[in-house]
Protein chains: 2
Amino acid sequence: MAELRHLRYFLAVAEELNFTRAAERLRIAQPPLSRQIRDLEGDIGAPLFDRGTHPLRLTEAGQFLREEARELLASFDRALEGAGRIGTRNAGWIGIGFVESAMYGFLPKILGRFRQQHPEIEINLTEMSADQQLIALRDRRIHVGFLRPHIETDEFEQEVVQFDTLAIALQSTHPLATAESVTLDLLEREPFVAYGGRLRPNFCDYLRRLCRDAGIKLQVAMQVDQPETALGAVAAGYGISLVPQSLAGQGREGVVIKPISDRPPPHPLMALYRRNEPSPVFQDLLTIVRTNNCASPS
Amino acid sequence: MAELRHLRYFLAVAEELNFTRAAERLRIAQPPLSRQIRDLEGDIGAPLFDRGTHPLRLTEAGQFLREEARELLASFDRALEGAGRIGTRNAGWIGIGFVESAMYGFLPKILGRFRQQHPEIEINLTEMSADQQLIALRDRRIHVGFLRPHIETDEFEQEVVQFDTLAIALQSTHPLATAESVTLDLLEREPFVAYGGRLRPNFCDYLRRLCRDAGIKLQVAMQVDQPETALGAVAAGYGISLVPQSLAGQGREGVVIKPISDRPPPHPLMALYRRNEPSPVFQDLLTIVRTNNCASPS
DNA sequence: GTTCGGCCATATCATTAAGGTATCAAATCA
DNA sequence: TGATTTGATACCTTAATGATATGGCCGAAC
C-alpha cells in the first residue's frame with residue numbers, strides 16, 4: 001500500500017531531477033530510492049519519470065503528482081500540528097460542512113472574521129451535499145452545516161443566514177428583456193432550461209417543488225447541471241431559466257436577469273446545527289454569522 | 001516519522017471506538033494496533049482517545065484529527081488515481097494558482113464550466129499569493145495564476161478577466177450616505193480605515209500607490225487586515241474606507257458603499273500565464289475565462 | 001569511433017520496524 | 001466480588017526498508 005514515504009521520496013526526486021542527489025538529500029542510498037519510486041509507479045499504474053533522458057524529466061502524470069504531493073504533505077503536517085495544538089493548549093476546533101454555493105462570498109467572509117477573533121481554533125472545512133451535512137451533524141463530525149433548502153427537520157436548529165431570491169434569465173433579444181421585472185407565470189409560456197439532479201439534487205428538487213406548489217407546468221427544453229450553464233443555454237436561445245438573483249451582478253453577454261415582481265421565490269442559505277451546542281467558540285461563530293446581516297430580504 | 005498507515009489505523013479505531021474490533025477490521029492483531037496509535041499520539045504530542053472509559057471516547061484533538069484524516073486519505077487516493085488517469089489515458093492536467101478573492105464567485109464559475117467541457121482533465125488548485133504565483137509559473141508548477149494587481153512583468157502574458165472598481169464605504173449616518181456617488185477627494189477629509197500588509201500585501205501596496213499617484217494624503221485612523229473587517233470598522237464609526245465595489249451587493253448594516261464618480265480606481269482580477277502555452281486544453285480554459293464576459297468596466 | 005564518467009537498475013544481504021502470541025491489569029457488569 | 005471485556009506490555013517472528021556491490025546504458029569528450 002502506498003504511503004507518505006513514497007510521496008516524500010518522489011518529491012525529492014522530482015525536485016532534484018536526479019535519483020542520486022535525491023537519495024543523498026533523503027539520507028538513504030540510491031537503489032532503495034529507485035525501488036520505492038518503482039513501487040509507487042506500480043501502484044499508480046503509470047510511469048512518473050521519462051527515463052533515459054538526461055536530465056531526467058517528469059511525465060505529465062509526474063508533474064501533476066508533484067503538485068498534489070506538495071499539497072498532501074503540507075496538509076498532513078498541518079493536520080498533525082493542529083491536533084497537537086488542540087490537545088496540548090486545550091484549544092478547540094470547529095467543523096463546518098457547506099454546499100459549494102456557500103463558497104461564493106459567504107463563507108470566505110465569515111471565516112475571515114472568525115479566524116481573526118479565534119486564531120487558536122482549528123477549522124475543518126468540508127464541502128458536502130445537504131444530506132451528507134445531516135449525517136455529519138448526527139455523527140458530530142461537523143458543528144454546523146450551510147445549505148440551501150429544502151430540508152424539513154426539527155432534529156436540528158435551522159436559521160436563514162443569507163437571503164437571495166430566484167430570478168428569471170432571458171435571452172437579451174427577448175421582448176421582455178427591457179422590462180423592469182417579469183411575473184412568475186412567464187415560465188409557463190416559454191421553453192425552460194431545467195436542472196438535472198446530478199450535481200445539485202437539492203436545488204433541482206427545490207425548483208420542482210416550487211413549480212408544483214405554484215401550479216406551473218414547465219416546458220423543459222434542455223437540462224443542465226448548474227445555474228451558470230443555464231445562463232449559457234439561455235444566451236444560446238434554448239429558452240428561459242430560473243437562477244439565483246445574485247448571479248445578476250456578474251453580467252453575461254446575451255442574457256439578462258429579471259427580478260420576479262409577483263411572487264419571487266426565496267433561495268436562502270441556511271445554517272443547520274445541533275440544539276444546545278454549549279461551546280462558547282461555536283456561539284461566537286453563530287454571532288458572526290448572524291451579524292453578517294444578509295438575512296433580510298433585499 | 002508518521003505515515004498514512006497511522007491515519008488509517010487511527011480512523012478505524014475512531015470509527016469503531018474499540019481497539020479490538022478495529023484491529024479485526026484492519027486484519028491485524030490488537031497489540032500492534034495499540035502500538036501504532038501510541039506512536040501516532042507520541043508524534044502529535046497529545047492523546048487522541050480518552051482511555052479508561054467504556055465505550056472509548058475521542059479527545060477534542062482526536063475528533064479533529066478524525067475529520068482531517070478522512071479528508072487526507074481521500075485526497076491521497078484522488079491524487080494517485082488522478083496521476084494514473086493522466087498517465088494511462090494520456091489525459092492532462094491544469095495547475096491553477098489563485099488569490100483568495102478569486103474564489104469569491106469567479107473561480108467556482110470558471111471551474112464548473114471547464115469541468116463540464118473537460119471532465120477527463122485533472123485540476124490542481126492552489127491558493128497562493130501573487131508572488132508565489134510568479135514563482136510557480138516560472139517553475140511550471142501552475143499553468144495560470146489569478147491575482148490582483150499590481151504586478152509589473154513582461155515575463156508572462158497578462159490579461160484582465162474580471163473588472164471591479166473600488167468604492168468608498170461610509171457609516172450610514174454620514175451626511176453623504178444618501179448621495180448617489182462621492183468623489184475621491186473625500187478620502188482626504190475623513191479619518192481612514194487602512195489595510196495592514198499582513199494578509200494582503202498586494203492590495204495594501206496597491207492602495208498606497210493609488211493614493212500617492214492621486215496625490216491624496218490619508219489620515220489613517222485604524223489598520224485592519226481585510227475589506228470585510230474594514231466594513232465593520234466603518235460601521236463602528238472609525239472612519240471611511242476603500243473597498244471593492246462588488247462588496248456593495250452583500251449589504252451590511254451601518255455601512256453604505258458609494259461609487260466614486262470622478263476617478264473610480266480599478267480593481268481588476270488578472271490572469272497570468274506563460275507565453276505560447278501550446279496545450280489546447282489550456283487554450284480552452286482561457287476561452288472560458290474570456291467568455292466569462294466580466295472583463296468590461298461596469 | 002572509442003573511452004570515460006555519470007546515472008539508474010538489478011541482485012543480494014543487513015537491519016529496522018511492523019505484525020503476531022501470550023499474558024497481565026484495569027474497568028465494567030452481573 | 002467474580003466473570004468478562006478490553007487495552008497495555010513483553011517478547012518473538014516476519015516482512016519490508018535500507019545498504020552494498022555491480023552491471024548496463026547513455027551522453028560527452030577526445
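This report describes how two protein chains, A and B, meet each other and two DNA strands, C and D, in a predicted model.

## The interface between the chains

The contact draws 63 residues from chain A and 63 residues from chain B. Together the two chains bury about 5400 Å², and carbon and sulfur atoms carry 58% of that area. The size of an interface is often expressed in this way, as the accessible area lost when the parts come together.

Between chain B and chain A there are four salt bridges. One of them is formed by the side chains of B:R8 and A:E3, with an N to O distance of 3.0 Å. Polar contacts between chain B and chain A amount to 16 residue pairs, counting pairs in which both residues have pLDDT 80 or more. On chain B, the elements that give two or more residues to the side touching chain A are α1 (4-16), α3, α4 (60-88), α5 (106-117), β4 (122-127) and α9 (227-235). Among these, α4(B) gives the most, with 21 residues. By class, this side of chain B consists of 22 nonpolar, 20 polar and 21 charged residues.

## DNA strand C

DNA strand C is surrounded by 19 residues, of which A:S34, A:R38, A:R51, B:Y9 and B:A29 are the closest. Of the strand C atoms that come within 4 Å of the protein, 65% belong to sugar and phosphate. Phosphate oxygens of strand C are approached by the side chains of A:N18, at 3.4 Å, and A:R51, at 2.8 Å. In A:F19, by contrast, a polar backbone atom lies 3.1 Å from a phosphate oxygen of strand C. The elements that give two or more residues to the surface near strand C are α2 (19-26) and α3 of chain A, together with α1 and α3 of chain B. That surface has seven nonpolar, seven polar and five charged residues.

## DNA strand D

Around DNA strand D there are 18 residues, and A:Y9, A:A29, B:T20, B:S34 and B:R51 come nearest. Sugar or phosphate supplies 61% of the strand D atoms within 4 Å of the protein, and bases supply the rest. Three side chains of chain A illustrate the kinds of DNA atom involved. A:R5 places a polar side-chain atom 3.1 Å from a phosphate oxygen of strand D. For A:R35, the partner is a base nitrogen of strand D, at 3.3 Å. A:Q36 has a polar side-chain atom 3.2 Å from a sugar or linking oxygen of strand D. Two or more residues each are given to the surface near strand D by α1 (4-16) and α3 (30-44) of chain A and by α2 (19-26) and α3 (30-44) of chain B. The residues of this surface divide into seven nonpolar, six polar and five charged.

## Salt bridges

Over all chains, the count is 36 salt bridges. Three within chain A are listed below.

| Acidic residue | Basic residue | Closest N and O atoms |
|---|---|---|
| A:E41 | A:R51 | 2.7 Å |
| A:E67 | A:R70 | 3.5 Å |
| A:D139 | A:R141 | 3.5 Å |

The salt bridge between A:E41 and A:R51 links distant parts of the chain, with A:E41 in helix α3 of chain A and A:R51 in the loop between β1 (49-50) and β2 (57-58), ten residues apart. A:E41 counts as buried because its relative accessibility is 11%, under the 20% cut-off. A:R51, at 42%, counts as partly exposed. A:R51 is also the residue whose side chain lies 2.8 Å from a phosphate oxygen of strand C.

A:E67 and A:R70 stand three residues apart in helix α4 (residues 60-88) of chain A, so about one helical turn separates them. A:E67 is buried at 6% relative accessibility, whereas A:R70 is partly exposed at 26%.

In the third pair the buried partner is the arginine: A:R141 has 15% relative accessibility, while A:D139 is partly exposed at 39%. On chain B, the residues B:D139 and B:R141 belong to one network of salt bridges with shared partners, which also includes A:E15, A:E16, A:R21, A:R25, A:R66, A:E67 and A:R70.

Notes: Residues are numbered from 1 along each chain as its sequence is written. Chains are lettered from A and ligands numbered from 1 in the order in which they are written. This is a predicted model: local features need pLDDT of at least 70, side-chain atom pairs count only at pLDDT 80 or more; totals for chains, interfaces and linings use all residues. Side-chain values use heavy atoms; hydrogens and water are left out. A residue is near a molecule or strand if one of its heavy atoms lies within 4 Å of it. A polar contact is a pair of N or O atoms within 3.5 Å; within protein, one must be able to donate a hydrogen and the other to accept it, and residues adjacent in sequence count only if both atoms are side-chain atoms. Helices (H or I, at least four residues) and strands (E, at least two) are DSSP runs, numbered from the N terminus. Ala, Val, Leu, Ile, Met, Phe, Trp, Tyr, Cys and Pro count as nonpolar, Asp, Glu, Lys and Arg as charged, and the others, Gly among them, as polar. Contact means heavy atoms within 4.5 Å. Buried area is the accessible area (1.4 Å probe) that two parts lose on being put together, summed over both. Buried means under 20% relative accessible area, exposed over 50%, partly exposed in between (1.4 Å probe, protein chains only).
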